[in-house]
Amino acid sequence: MKFPNWNQLAQVGEQALGQVNVIAGRMLEGTLRLGVTGLRRSGKTVFVTSLIDNLIRGGRLPFLDAVASNRFLAARLRASPDRTAPRFPYEKYLAALTATPPHWPAATTGVSQLRLAVRFTPGSGLRRSVQPMATLNVDVIDYPGEWLMDLPMLNQSYRDWSALTLELMERQPRRQLAARWLHWLGTVTPDLRPDESLAREGAALYTDYLHACRRSQASLSLVQPGHFIEPGDLAGTPLLAFCPLPAGSGEHRAQSLGGLMNERFEAYKTQVVRRFFVEHFARLDRQIVLVDVLGMLNAGPTALYDMRMALTACLEAFHHGRAGWVSRLTGHEVDRVLFAATKADHVAAGQHANLRNLLDMLVSEARNAIRFEGAMVDTVALAAVKCTETVTTEHQGRKLACIQGTPLGRQRPTVLFPGNIPDGPDLFPENVSQPYRFLDFEPPAGVGRDGRGLPNIRLDQALNFLLGDYLA
Amino acid sequence: MSNATHQASAWQPPVELDMHHPDPAAAPAAVAATTAAASAAARAGEASGLAALAAWPQWSWTVPAFFGGVAALVVVALAFDATDLMGRSFAASYALGVLVTVVLAVTVGTAVKLSLDEVISIRRLRQIDGLRAEADRLTRANGHGEALGFADTLGDFYAGRADLAPVLHTLGHTVNDAHSDAEVIALIDRQVLSALDQRAYRFVLTASRDTALATALSPSAALDVAIVLWRNLKLVREVAALYGARPGPLGSWRLMRRMLANLAVAGLADSVGHVAVDALGGSLAAAISTRLGQGMINGLLTARIGIAAMTLCRPVGFSPDNKPNLKRIRAELMSVPKEVL
């Protein structure tokens, strides 16, 4: 018989208390926690900014049913109920996007959250007679995408994790990227004395390897532990001073380097990963998974494969399933998951269907697993901030669907044919070394100046899938 | 996707076409041919089953020739009679002659005007059929770029409608280059036509209450028939005018014929089931009063005809999630007995 440890008990208590609060709140106002999930550079921050801006202004959401039927009244920001988490600096990000010249917000380094209160008229006459004006609180959180990669570690022991990580390193390009750390690994054995400086040296080299993975041509996604890359407020603490070690025979001895690493791994799991998961992900109602498909196509087949693995691993940590009234009272389950291919404006609009098909193909395993659990799943190709216009131009006597926008780092707009997305499974033709070159674009000048919200592609359809039934 | 289509659209390298500095050297020379998949498959579904069922029967040339001949003879006879009449009235007195000439001119003028209106109204009905087929094709093919043309055509069709100007203006703002054809059609459906649907629905509701009440109160069966016919014809004209068809007497008669054919042959998707349910519900009321029961059944029939008119006059076909249903009308009709008693 296995006894739950105090940490877990405290956690259960905390969750139960939170649950009571949630139920009390629901008597008066609906609350929905929206999980914006995505690996790094998938556009979470910009997505959240655009979502908030568009809900506040409400001028560009024709496919959101509440807006289409004129039941949407207004939305405004509120303080997050969680007083400890920093506020999502929406105004700062919006200012960056609407500045002259406009620029993208910098990469996220820590957790922040925000509550958006949406006022609407209920659709059913019965509810309208009781409550002429209803409020839905939408809680969104933003966090560095690197941290998402920690979630699969929750179900792994130090031995399993080390074995998996070392196995990954046997293949190129990781093998070459990890050369220096592997060299260090050759000089140590797990049975050595637990030496702090040795542990720190290993962790530093391992962190270098992780950084190299991210920066590499293949732009690898499966980069664990995520806090090594983006430490937040943990930089320099012993929590981050460990790295995988090959398992000898049996458990690592307590008074050894392996034992020390094992201990720190477990501490990292409970004090960093579990805390993050419980505070932010355990009570999600809806989830959107942002995937930068175009970036992965640019980076090549290795990156695509790596991303697929990373996504499947992360999503296993979430509870998906139909949120009936029982599960609403007893615990939360995500009952709708939307996979979104972001940055859809980097290709001509006629390619969006192919982009969505490609996403369908990439997430098919994760999607089936979630559907099996009973949650609704859909896919969409969207752009949180639309930076280009689709134009048709003549090129060598042929009509090409091109896009017009300012590529990143340039001053003036240009017209370019970004290439097509194949509609079949043969993504990478063998005779071409780098078949895709989808450029990133600057936010268009004067964006959002018309006061209707940031221009977007299919953000309204995504919102309708995610929030539509709460706004009924 | 089949492998064949994938082979056909060969891989194509990215090219930058700078609009300020056209520099052909910068562009790779090999731009392989890609032609969008032909929309032939989508066209196959163009001929709507309902419309085909309800079309005029195919006659051989003899029948039109016969009726044409008769009409020509009648016109010639009328012309002879008219000149004869004019001659006789001028012979009787100059004033009478002038009067008869004026009356004749007015009659001929209005006849020409009426038939012109009729031709125009029938053309508009055809136009609506064409628009609906086009919208259906665009939704099914779900390509890109063609639907903006459709939106323009629809804008032209509704040009001069002051009540639709604001929604059409909003539509122009909402639709952008990133929307696919199916999305543009869906936006037209939601933003422009749903407002019309609401109003059409009210017409249908009023008409069905009118027939229900009137037939419940009318003393004779012959009067019932007259009331139902008159009210239904009026309803069809109202609904058609709302969607921009503006039918004349002949046009509304044709519309009525097509609708009756639809009701009788194909019916609305749910007609069989609902007729049974309606009849049962009716018989319950009939137990209380036969007249009331008849009234309600007449009301429901009127509602059915109204909804068929909506379906036939709408430039974009109803999608499964905004299909009009009889539920609300039935609930409304249930209150009729209370009002009568």
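A surface patch here is made of residues with over 30% relative accessible area and no salt bridge, and its nonpolar side chains are joined within 5 Å. Keep that in mind for a stop on chain B; the model on your screen is a predicted one.

**Stop 1: the patch on chain B**

Select Phe66(B), Phe67(B), Val70(B), Val74(B) and Leu78(B). Together they make a nonpolar surface patch of about 500 Å². Now click on Phe67(B) alone: this residue sits in helix α4 of chain B, which covers residues 62-92. Is Phe67(B) buried or exposed? Its relative accessible area is 52%, and exposed means over 50%, so Phe67(B) counts as exposed.

**Stop 2: chain B as a whole**

Zoom out and colour chain B by secondary structure. You should find 14 helices and one strand. Of its 341 residues, 36% count as buried. Switch on the surface: chain B exposes about 18900 Å², with carbon and sulfur atoms supplying 68% of that area.

**Stop 3: the sheet in chain A**

Move over to chain A and look for an open sheet of seven strands. Reading across, the order is β2-β3-β4-β1-β5-β6-β7, and the pairing is mixed. Which strands are at the edges? They are β2 (72-78) and β7 (376-381) of chain A, each pairing on one side only. On average, neighbouring strands in this sheet are turned by 20° against each other, direction ignored.

Strands of a sheet pair through backbone hydrogen bonds, either parallel or antiparallel. You can find both kinds here. Select residues 112-120 and 134-142 of chain A: these are β3 and β4, an antiparallel pair with nine bridges. Within this pairing, Ser112(A) has Asp142(A) of β4(A) as its bridge partner.

**Stop 4: strand β1 of chain A**

Next, select β1(A), residues 30-38. Eight of its nine residues are buried, so this strand is largely enclosed by the rest of the structure. On one pairing, β1(A) runs parallel to β4(A), joined by five bridges; look for Leu32(A) and its partner Val138(A). β1(A) also pairs with β5(A), again in the parallel sense and over five bridges, and there Val36(A) stands opposite Ile288(A).

**Stop 5: helices against the strands**

Show helix α13 of chain A, residues 301-315. This helix packs on the sheet, touching β5 and β6 of chain A, and its direction makes about 165° with that of β5(A). Finish with helix α17 of chain A, residues 459-467, which lies across β1, β4, β5, β6 and β7 of chain A and runs at about 165° to β6(A).

Terms used:
Residues numbered from 1 in each chain as written. Chains lettered and ligands numbered in written order. Predicted model: local features only at pLDDT ≥ 70, side-chain atom pairs only at ≥ 80, totals over all residues. Heavy atoms only, no water. Pairing = 2+ DSSP bridges. Helix = DSSP H or I, 4+ residues; strand = E, 2+ residues; numbered from the N terminus. Axes fitted to C-alpha atoms, helices over the stretch in contact; angles between N-to-C directions. Contact = heavy atoms within 4.5 Å. Patch = residues over 30% accessible without salt bridge, like charges linked within 9 Å, V, L, I, M, F, W, Y side chains within 5 Å. Areas by Shrake-Rupley, 256 points an atom, 1.4 Å probe, with all protein chains shown as cover. Salt bridge = Lys/Arg side-chain N within 4 Å of Asp/Glu carboxyl O. Buried < 20%, exposed > 50% of the residue type's maximum accessible area, 1.4 Å probe, protein only.
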